[in-house]
Amino acid sequence: MIEMKNVSVRYPGTKFDALSDIHLTFEKGDFVCILGKSGAGKSTFIRCINGLQQLTQGEVFLDGKQVSNMKEEQLRQVRLEMGMIFQHFNLIPRMSVIQNVLTGIFGYRSNFKNLIGLFSADELEQAKRIISEVGLSDMMDRRVERLSGGQKQRVGIARAMVQQPRILLGDEPVASLDPGTSNHIFKLLKEMHQRLDLLTIINVHDIDLAKRYATRVLALKDGKLIFDGHPDEFAESNYKETYESSDHLFI
Ligand SMILES: Nc1ncnc2c1ncn2[C@@H]1O[C@H](COP(=O)(O)OP(=O)(O)OP(=O)(O)O)[C@@H](O)[C@H]1O
C-alpha cells in the first residue's frame, strides 16, 4: 500500500539527515506506532507519507503511484485518502463540534459550497453518525473551545474519519493528554482501525500504549530506523537504544 524507498530528508542549513535512508512498506491492516525521542524524526516521517515533506533523496509510493513528485492537485486527492490527527488538535475553537467535523469534507467539495457552508442532508447525516461513534453525540453544537483535551481529540478523529480515509496518520495525538484519556483515545483509534480496516500510523512517546495497541512498532533514532517488529519483540535493550542520549543533540 505505502512504500518508502531510500527516503532521506535533510533540512536546509543542518548537518545531519532528519531521516536517513528509510526503506519500508506498510500494508492495510497494520497499526503502526513510531517511537523515538524528541528530534528523532517522527514528524518528518509522517510528513513524508502525506506528501507535505520535500525529500532530499528517495521516493514514497501509494499503491504504486509516486507521491513524492506529485503536483498539488494530485496530492490533494491523495491526502483525501489520508486522515490526519494532531497533537494540538488543529480545530477552530469558536466553531461547534459538528462545524469542525464538517471541515473534514471540504476537500471533496467546491470552494463555493465550502464558502457558504452548504452541506447536503447526507453529509450532515454522515458527520452526525461519526460524532456519535466517537462518543460526542450530546455535544454536537458545543463550541470546541469548551471541550476537554480528550473530547477535542475525539473531534479531531471524527474530522479525519468523515473524509472516509483508507489511511489514518497521527502526529503525537495523545502527547497533550493524561494517561487515562490517552488510553481511551487509543482504544477508539484501534476500534476504528479494526472496523474499517485502516492502515494506521501513529507517533507516540508512550511505549506502553505502543505495546498495548500496535501490531508493529518502529523506532527511530537520529533519523535512522533502529527497530521494526512486533511490539512483543521490543525489549529493554531496544528501549535503551531508542531513548539513550543522541550524538546529534548538542551539535
Ligand atoms: N523545518 C526544519 N528546519 C530545520 N530542522 C528541522 C526542521 N524541522 C525539523 N527539524 C529537525 O529535524 C530533526 C527531526 O525533527 P522531527 O520534528 O521530525 O522530530 P520528532 O521526532 O517528531 O520530534 P518531537 O518528538 O520533538 O516532535 C530534528 O533534529 C529537528 O530539529
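Trainee: In this predicted model, how many of the eight residues of helix 1 (residues 42-49) are buried?

Mentor: A residue counts as buried if 20 or more other C-beta atoms lie within 10 Å of its own. In helix 1, Lys42, Ser43, Thr44, Phe45, Ile46, Cys48 and Ile49 are buried, and the helix is followed by Gly51, whose phi is positive, near 80°. Helix 1 is therefore largely enclosed by the rest of the structure, and the number of its eight residues that are buried is seven.

Trainee: Which residues surround the ligand, and how many residues of that shell are charged?

Mentor: The ligand is surrounded by Tyr11, Thr14, Ala18, Gly36, Ser38, Gly39, Ala40, Gly41, Lys42, Ser43 and Thr44. Lys42, Ser43 and Thr44 of this shell are also among the buried residues of helix 1. When the shell is divided by residue type, three of its residues are nonpolar and seven are polar, while the number of charged residues is one.

Trainee: Where do the buried residues of helix 7 sit around the axis, on the same side or on opposite sides?

Mentor: In helix 7 (residues 179-196), the buried residues are Ser182, Ile185, Phe186, Leu189, Met192 and His193. Because they cover an arc of only 125° around the axis, they lie on the same side of helix 7.

Trainee: What covers those buried residues of helix 7, and which residues are exposed on the other side?

Mentor: The cover includes strand 3 (31-35), helix 6 (149-161), strand 8 (199-203) and helix 8 (207-213). On the other side of helix 7, the exposed residues are Gly180, Glu191, Gln194 and Arg195.

Trainee: Which helix gives the most to the largest nonpolar core?

Mentor: The largest nonpolar core has 65 residues, of which Cys48, Val101, Ile131 and Ala158 touch the most other members. Leaving aside neighbours within four places in sequence, Ile131 is in contact with Val97, Ile98, Val101, Leu136, Ser137, Met140 and Ala158. With five residues, the helix that gives the most to this core is helix 6.

Trainee: Is Val144, in the loop between helix 5 (121-133) and helix 6, buried or exposed?

Mentor: Apart from neighbours within four places in sequence, Val144 is in contact with Leu91, Pro93, Met95, Val97, Asn100, Lys152 and Val155. Val144 and Val155 are eleven residues apart in sequence, and their C-alpha atoms are 8.2 Å apart in space. Since Val144 has 21 C-beta neighbours inside 10 Å, it counts as buried.

Trainee: Phe89 and Asp63 both have a positive phi without being glycine; is Phe89 buried or exposed, and is Asp63 buried or exposed?

Mentor: Phe89, with phi near 70°, is found in the loop between strand 6 (82-86) and helix 3 (97-102), whereas Asp63, with phi of about 50°, has its place in the loop between strand 4 (57-62) and strand 5 (65-66). Because 22 other C-beta atoms lie within 10 Å, Phe89 is buried. With 11 C-beta neighbours inside 10 Å, Asp63 counts as exposed.

Trainee: What distance separates the C-alpha atoms of Ala235 and Gly58?

Mentor: Ala235 lies in the loop between strand 10 (224-229) and helix 9 (236-243), and it is exposed, with 11 other C-beta atoms within 10 Å. Along the chain, Ala235 and Gly58 are 177 residues apart, and the separation of their C-alpha atoms is 30 Å.

Definitions and conventions:
Residues numbered from 1 in each chain as written. Predicted model: local features only at pLDDT ≥ 70, side-chain atom pairs only at ≥ 80, totals over all residues. Near = placed C-beta within 6 Å. Nonpolar A, V, L, I, M, F, W, Y, C, P; charged D, E, K, R; others polar. Helix = DSSP H or I, 4+ residues; strand = E, 2+ residues; numbered from the N terminus. Expected span 1.5 Å × (residues − 1). Buried ≥ 20, exposed ≤ 12 C-beta atoms within 10 Å, placed from the backbone. Arc of directions from axis to C-beta. Contact = placed C-beta atoms within 7 Å. Core = buried A, V, L, I, M, F, W, Y, C linked by C-beta atoms within 7 Å.
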